[in-house]
Amino acid sequence: MTQEVILAGKPQKDVRYQLPAWQDMAGQQPLQHSVLTLAYMGDAVYELLVRQYMLMGSAVKVKQIHQKTIQLVCAETQAALALAIEPKLNEAEKDILRRGRNAKGGHLPKSTTAPTYRLATGLEALVGYLYLTQNLERLTEIFQVLWQWEAAGQIPVGIGKDKFCGGAENIEEV
């Protein structure tokens, strides 16, 4: 059985996403997991939703789909999304985002800055938390922002240190 998430992001089209059915998590609380574990799950969910979204678009070559996917899943885009949604988060969600941002993971890709990577980790932790708590409405709201950026061509350009064409121009140390 699958759960549906409806995301309207592409002009004049509703996109329906299928998330795998959750395993029986009775008795488990997502907050019992470390924030880096939540980010680990969130990374997978985020990429899965982006890939599904990209496949719902017009038929293009796999290389083009892959390049657009890279733009949507890179740390710069995730950090910009985190900044864009933060004012709309409730206190519990802000706490997950903050804890993820402040987590020490020990790995920093060369293609980004530490503050950008930390914000991206915070967003992934939030996505993992929302997925594990089965809060599909909130996931939909968050991804709506991303789909609107993509439709308007306002996603980060390429992979690199803080390259934005929309959203947050400067990410400062938090």
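This is a short tour of a predicted model, with selections to make in order.

**Whole chain**

Start with the full chain in cartoon view. The protein contains 6 helices and 2 strands, and along the sequence their order is β-β-α-α-α-α-α-α. The chain has 174 residues, and 46% of them count as buried. Next, consider the contacts in the protein with a separation of 6 or more: residues 24 or more positions apart account for 71% of these.

**Helix α4**

Select residues 91-102, which form helix α4. This helix has 12 residues, and the distance from its first C-alpha to its last is 16 Å, close to the 16 Å expected at 1.5 Å a residue.

Which residues of α4 are buried? They are Glu93, Ile96, Leu97, Gly100 and Arg101. These residues lie on the same side of α4, because they cover an arc of only 130° around the axis. To see what covers them, display α1 (35-55), α3 (75-85), α5 (114-132) and α6 (136-152), which are included in the cover.

Now select asparagine 90 and alanine 92. Asparagine 90 caps the N-terminal end of α4, with a side-chain oxygen 3.1 Å from the backbone nitrogen of alanine 92.

**The loop between α4 and α5**

Move on to the loop between α4 and α5, where both histidine 107 and threonine 112 are found. Is threonine 112 buried or exposed? Its relative accessibility is 3%, so threonine 112 counts as buried. Show the side chain of glutamate 76 as well: the side chain of threonine 112 makes a polar contact with it, at 3.1 Å.

Histidine 107, in the same loop as named above, has 52% relative accessibility and therefore counts as exposed. Add tyrosine 117 to the selection and draw a line between the two C-alpha atoms. Histidine 107 and tyrosine 117 are 10 residues apart in sequence, and the C-alpha to C-alpha distance is 9.4 Å.

**The largest pocket**

Keep histidine 107 and tyrosine 117 on display, and add Pro109, Thr121 and Glu124. These five are the residues nearest the centre of the largest pocket, which is lined by 27 residues. The space in this pocket comes to about 590 Å³. Which helices supply at least two residues each of the lining? Among them are α1, α3 and α5.

**From α5 to α6**

Select glutamine 134, in the loop between α5 and α6. Its phi is near 60°, a positive value in a residue other than glycine. Glutamine 134 has 41% relative accessibility, so this residue counts as partly exposed.

**Helix α6**

Next, select α6, residues 136-152. Its 17 residues should span 24 Å at 1.5 Å a residue, and the end C-alpha atoms are 24 Å apart, which agrees.

How many residues of α6 are buried? The number is 12 of 17, and the helix is mostly covered. Colour the buried residues to see where they fall; they include Leu136, Leu139, Ile142, Phe143, Val145, Leu146, Trp147 and Trp149. Arg138, Thr140, Gln144 and Glu150 are also buried.

The last stop is glycine 153, just after α6, where phi is positive at about 70°.

How values were computed: Residues are numbered from 1 along each chain as its sequence is written. This is a predicted model: local features need pLDDT of at least 70, side-chain atom pairs count only at pLDDT 80 or more; totals for chains, interfaces and linings use all residues. Side-chain values use heavy atoms; hydrogens and water are left out. Helices (H or I, at least four residues) and strands (E, at least two) are DSSP runs, numbered from the N terminus. The expected span of a helix is 1.5 Å times one less than its number of residues. Buried means under 20% relative accessible area, exposed over 50%, partly exposed in between (1.4 Å probe, protein chains only). The arc is that of the directions from the helix axis to the C-beta atoms. Contact means heavy atoms within 4.5 Å. A polar contact is a pair of N or O atoms within 3.5 Å; within protein, one must be able to donate a hydrogen and the other to accept it, and residues adjacent in sequence count only if both atoms are side-chain atoms. On a 1 Å grid over the protein atoms alone, a cavity is a set of points where a 1.4 Å probe fits but cannot get out, and a pocket is an open set with protein on both sides within 12 Å along at least five of seven lines; lining residues have an atom within 4 Å of a point. Grid points are joined across faces, edges and corners, and a volume is the space filled by probe spheres set on the points.
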